[in-house]
Amino acid sequence: MALPRFFAAVALCLAVSAASAQSNEVQDINLQFRKGDLAGALARANTFLAKNPKDAQVRFLKGLILADLGKTNDAIALFTGLTEDYPELPEPYNNLAVLYASQSKYEAAKNALEQAIRTHPSYATAHENLGDIYAKMASIAYDKALALDSKNTAAQTKLALIQDITGGLSRKPAVKPAVAAAKPAPQPPVSKPVAAKPAGSIESAVNAWAEAWARRDVDAYLAAYAPDFSPSDMARADWEALRRARIEAPKSISVDILNLNVEQQGTTATATFRQAYRSNLLSSTVTKTLKFAQIDGQWRIVDEIPH
Amino acid sequence: MTRAWLAALLLLTSAPAAMADADRQLAASLLAISQSRLPEALDTVDRLIRTHPNFRLAQLIKGDLLLARAQPLRTLGDAGRASGELDQLREEARQRVRALTETLPSEKLPAYLLDLPDDIRHALVVDASRSRLYVYENRAGLPVRVADFYVTIGKAGIGKQKEGDNRTPVGIYTVNGYKSPRELSDFYGSGAWTLTYPNEWDQRQGRTGHGIWIHGSPSDTYSRVPRASEGCVVLANDDLMRLGRYMQAGKTPVVIADSIDWVAYEALDSRRAELATALDVWRTDWESRDAGRLLAHYSPSFRSGRQDFAAFAASKRKVNAGKTWIKVGLDRIGLMLYPERPDFALVSFEQNYQSNNLSDRTVKRQFWSRENGRWKIVHETSL
């Protein structure tokens with residue numbers, strides 16, 4: 001499971017780091033972690049904890065660093081320790097649940113979240129995460145009852161580690177990082193066609209996309225999409241991996257674009273068409289809309305909507 | 001997400017015309033649950049229940065979705081009361097999902113429909129193991145699948161032997177009539193197509209029972225669980241209406257198999273050629289007036305009406321002796337392999353017989369069996 005990382009200011013409402021010098025050190029470690037220097041941040045956290053072994057915030061921070069380093073079991077051990085020393089804090093339970101969920105240990109994740117809610121019944125994040133865990137468990141139960149193959153569905157849960165300790169005071173759920181898809185700005189209702197870009201170029205962009213798909217040229221296919229394109233239910237990397245698998249699996253693919261209808265508004269455009277897909281494994285014809293935006297003088301796909 | 005589910009997703013978005021809305025919505029909600037998208041699943045199942053309030057499987061899934069908001073779900077039907085029918089509803093869900101996820105190989109066909117005369121526009125093939133009825137269109141003798149439906153079969157399964165055994169027969173039948181809802185009780189829903197069970201082969205095997213129909217569902221339920229009838233093939237009422245447009249009373253063949261034997265086109269071609277050749281050699285050997293050559297096409301177990309092989313052979317020898325010439329023409333030839341019996345076939349044709357002292361046209365049905373590597377006639381009926 002991809003654990004989205006984001007920065008949140010270390011909450012000050014929890015007076016576990018008394019001295020201001022220490023507080024500065026905590027902020028510095030946090031900053032280093034935020035910049036992506038995981039090894040450096042970990043080393044400083046360890047140095048700090050050698051002197052202040054009980055410090056909840058730095059231990060919490062170290063847990064986040066370990067999780068980002070992929071040391072999930074170490075992170076679990078650390079958050080478990082925090083829940084034992086500070087049973088009144090909901091965040092360590094929440095993060096423990098996220099880590100368990102990443103290992104597909106949904107029962108353990110559920111138990112941890114229930115603990116978090118027991119300590120803070122109004123803790124919205126834990127409620128939301130518990131809902132996600134229930135959804136995941138429902139999915140597993142159904143896949144089993146329907147004799148469906150459910151492996152690889154772990155990637156579907158979208159739980160995020162809580163990045164700071166506020167003692168459950170924060171009502172706001174974890175916010176995704178600001179790198180989310182930059183959707184084209186809404187266009188004014190009346191707009192002139194841009195002379196430099198004749199509408200024909202959208203058609204060639206659609207065709208180039210379909211041809212790359214049909215050639216099974218995954219790199220060219222992915223290049224047709226805007227750098228920040230990602231489907232709503234999936235991380236970009238997961239989507240790319242899925243597309244690569246789907247495009248490389250068949251021995252041959254043909255993609256025909258029919259009834260192409262293009263509407264252009266300045267530097268954005270919408271192309272709607274019938275897509276006749278045929279491979280040695282599967283055939284399907286769907287109606288689809290591709291939304292384009294001009295990025296560096298190129299039409300790139302910013303949204304893909306099947307009907 | 002598995003490949004099968006992705007394929008199913010594509011199928012759902014491409015919305016095959018022949019798939020009923022209810023079927024598609026149910027599958028879409030199951031798909032959404034499998035992908036942990038519970039609010040979307042609930043939305044879909046709510047819409048389904050609004051149009052089909054008596055769809056019990058949909059109600060069960062809705063119960064689960066509400067339960068799953070408050071506690072982990074252990075299985076499909078967790079919110080239902082434990083009962084034998086719950087297992088059957090689960091089986092219905094499995095079968096409906098299978099129809100979507102296990103896409104049939106498009107280059108393969110059921111082994112049975114070797115050749116159909118042009119006036120027979122469609123043939124039905126039931127796969128009891130999948131709770132599915134497939135409609136094949138006859139395109140110049142080549143069967144092309146145009147629709148398929150979820151079906152319920154006998155509560156005791158397949159292989160009817162005797163009256164009251166609650167089994168659905170295995171064999172090849174013909175749709176021979178239609179009963180409108182006005183002639184029937186609510187139990188039969190939107191109508192009934194009657195079938196020719198028991199056919200002459202069933203009768204020869206001593207199989208009993210009657211009234212094996214393809215019919216709709218009672219008003220209190222959208223569909224029935226996979227095994228619930230007394231031997232009939234049961235569809236949802238809207239599906240039965242859709243099926244109606246493919247039916248020709250007196251003509252449409254219905255093949256009922258336990259589990260369809262799927263074969264490649266080439267295999268079908270070679271089987272067709274083999275059987276068609278056997279039929280043609282029989283025809284020319286008859287024209288040769290050599291009784292020995294003709295009788296070599298008949299099995300020692302041959303029967304026609306009350307006539308056994310010995311009586312038949314004696315009469316043929318006598319008749320042939322009085323002929324100076326015979327011409328036999330065969331039209332509207334139908335060649336079908338029997339389900340669950342790869343070396344057994346039902347052959348039908350219109351026979352134009354001419355000779356020096358007698359001419360007639362007869363519609364014949366023959367059962368052929370491959371004995372010691374050679375196709376032989378085991379049963380013949382003149383209609």
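In the predicted model, helix α7 of chain A meets helix α2 of chain B through A:Ala138, A:Ser139, A:Tyr142 and A:Asp143 on one side and B:Leu30, B:Ile33 and B:Ser34 on the other. The axes of α7(A) and α2(B) lie 7 Å apart and cross at an angle of about 125 degrees. At that angle α7(A) counts as oblique to α2(B). One of the residues on the α7(A) side, A:Ala138, is in contact with B:Ile33, B:Leu38, B:Asp64, B:Ala68 and B:Leu73, when neighbours within four places in sequence are left aside.

A:Ala138 also belongs to the largest nonpolar core, which has 146 residues. Together with A:Leu113, B:Val125, B:Val126, B:Val255 and B:Met336, A:Ala138 is among the residues that touch the most other members of this core. Helix α7(A) supplies eleven residues, the largest share of the core. A second core, separate from this one, has 21 residues and includes A:Ala205, A:Ala210, A:Tyr225 and A:Ala269. In soluble globular proteins, nonpolar side chains tend to be buried together.

Helix α3 of chain B also packs against α7(A). The buried residues of α3(B) are B:Leu38, B:Ala41, B:Leu42, B:Thr44, B:Val45 and B:Leu48. These residues are placed on the same side of α3(B), because they cover an arc of only 165 degrees around the axis. Their packing partners are α7 (residues 124-145) of chain A and, within chain B, α2 (residues 21-34) and α4 (residues 56-67). The exposed residues B:Pro39 and B:Arg50 are carried on the face of α3(B) turned away from the buried side. Helix α3(B) runs over residues 38-51, and its 14 residues should span 20 Å at 1.5 Å a residue; the end C-alpha atoms are 20 Å apart, so the expected and computed spans agree.

Helix α4(B) packs in turn against helix α5 of chain B, which covers residues 84-101. The two axes are 10 Å apart, and the angle between them is about 100 degrees. Angles of 65 to 115 degrees count as roughly perpendicular, so α4(B) is roughly perpendicular to α5(B). In this pair, B:Arg56, B:Leu57 and B:Leu60 of α4(B) meet B:Leu89, B:Glu92 and B:Ala93 of α5(B).

Chain B as a whole contains ten helices and 19 strands. It has 383 residues, of which 40% count as buried. Among the contacts in chain B with a separation of 6 or more, 56% are between residues 24 or more positions apart. A local example of a contact across a loop is found at B:Gly159, which is located between β6 (residues 153-154) and β7 (residues 171-179) of chain B. Not counting residues up to four places away in sequence, B:Gly159 touches B:Arg167 and B:Val170. The C-alpha atoms of B:Gly159 and B:Val170 are 5.2 Å apart, although eleven residues separate the pair in sequence. B:Gly159 has 17 C-beta neighbours inside 10 Å and therefore counts as partly exposed.

Chain A has ten helices and four strands. From the N terminus on, its helices come before its strands. Buried residues account for 36% of the 307 residues in chain A. Of the contacts in chain A between residues at least 6 apart in sequence, 56% join residues at least 24 apart.

Helix α5 of chain A covers residues 90-102 and has 13 residues. From its first C-alpha to its last, α5(A) reaches 19 Å, close to the 18 Å expected at 1.5 Å a residue. The helix is mostly covered, with 13 of its 13 residues buried. A:Ser104, just after α5(A), takes a positive phi of about 60 degrees. On the preceding side, A:Tyr86 is in the loop between α4 (residues 72-85) and α5 of chain A. A:Tyr86 counts as buried because it has 20 C-beta neighbours inside 10 Å. With neighbours within four places in sequence left aside, A:Tyr86 is in contact with A:Ala56 and A:Pro92. A:Ala56 is 30 residues away from A:Tyr86 in sequence, and their C-alpha atoms are 8.1 Å apart.

Terms used
Residues numbered from 1 in each chain as written. Chains lettered and ligands numbered in written order. Predicted model: local features only at pLDDT ≥ 70, side-chain atom pairs only at ≥ 80, totals over all residues. Helix = DSSP H or I, 4+ residues; strand = E, 2+ residues; numbered from the N terminus. Expected span 1.5 Å × (residues − 1). Buried ≥ 20, exposed ≤ 12 C-beta atoms within 10 Å, placed from the backbone. Arc of directions from axis to C-beta. Contact = placed C-beta atoms within 7 Å. Core = buried A, V, L, I, M, F, W, Y, C linked by C-beta atoms within 7 Å. Axes fitted to C-alpha atoms, helices over the stretch in contact; angles between N-to-C directions. Parallel < 35°, antiparallel > 145°, perpendicular 65-115°, else oblique.
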